[in-house]
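I opened the notebook to go through this fold piece by piece. I started with the sheet, then turned to the helices and the core.

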Amino acid sequence: MNYICPSSKKKEVYVKKIRIYKLSFAIFLQEKGFKVISCVQDLQNPYHKNWYFEDTPELRKAMTDYTSEIKK
């Protein structure tokens, strides 16, 4: 799977979003089937990117699963 940022040329649709700061976290969510809404450069650290996903209960559960795996 190619983990790239989606094109910013798409028409903006207003949905509730959640920002992910870590690449490994963004990849985990993509592997679980969640689509990146947008990807932008971090304003505080221009060497990093931020990934935006639609904020859903399913996404929140996947986030909890990810943090639980890290704590093991």
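**Entry 1: the sheet.** In which sense do strand 1 and strand 3 pair, and over how many bridges? I looked them up in this predicted model. Strand 1 and strand 3, residues 49-54, run antiparallel and share four bridges. One facing pair I noted is R19 and Y52, the latter in strand 3.

Next I wanted the whole sheet. It is open, has three strands, and its order is 1-3-2, with antiparallel pairing. Strand 1 (17-20) and strand 2 (36-41) sit at the edges, and each pairs on one side only. I also checked the twist. On average, neighbouring strands are turned by 25 degrees against each other, direction ignored.

**Entry 2: helix 1.** I moved on to what packs on the sheet. Helix 1, residues 23-31, touches strand 1, strand 2 and strand 3. Its direction makes about 30 degrees with that of strand 3. I listed the buried residues of helix 1: F25, A26, F28, L29 and Q30. Their cover includes strand 1, strand 2, strand 3 and helix 2. Just after helix 1 I found G33, with a positive phi of about 105 degrees.

**Entry 3: helix 2.** Helix 2 spans residues 57-71 and also packs on the sheet, where it touches strand 1 and strand 3. Its direction makes about 25 degrees with that of strand 1. I checked its length too. Its 15 residues reach 21 Å from first C-alpha to last, close to the 21 Å expected.

Which residues of helix 2 are buried? I found L59, A62, M63 and Y66. Why do they lie on the same side of helix 2? They do so because they cover an arc of only 105 degrees around the axis. These buried residues pack against strand 1, helix 1 and strand 3. On the face turned away from that buried side I noted the exposed residues P57, K61 and K71.

**Entry 4: the core.** Last, I asked which residues have the most contacts inside the largest nonpolar core. They are I20, L29, W51, F53, L59 and M63, in a core of 15 residues. Strand 1, helix 1, strand 2, strand 3 and helix 2 each give two or more residues to this core.

I then followed I20 alone. Leaving out residues up to four places away in sequence, I20 touches F25, A26, L29, K49, N50, W51, F53 and M63. Of these partners, F25, A26 and L29 are among the buried residues of helix 1, and M63 is one of those in helix 2.

Key:
Residues numbered from 1 in each chain as written. Predicted model: local features only at pLDDT ≥ 70, side-chain atom pairs only at ≥ 80, totals over all residues. Heavy atoms only, no water. Pairing = 2+ DSSP bridges. Axes fitted to C-alpha atoms, helices over the stretch in contact; angles between N-to-C directions. Contact = heavy atoms within 4.5 Å. Expected span 1.5 Å × (residues − 1). Buried < 20%, exposed > 50% of the residue type's maximum accessible area, 1.4 Å probe, protein only. Arc of directions from axis to C-beta. Core = buried A, V, L, I, M, F, W, Y, C linked by side-chain atoms within 4.5 Å.
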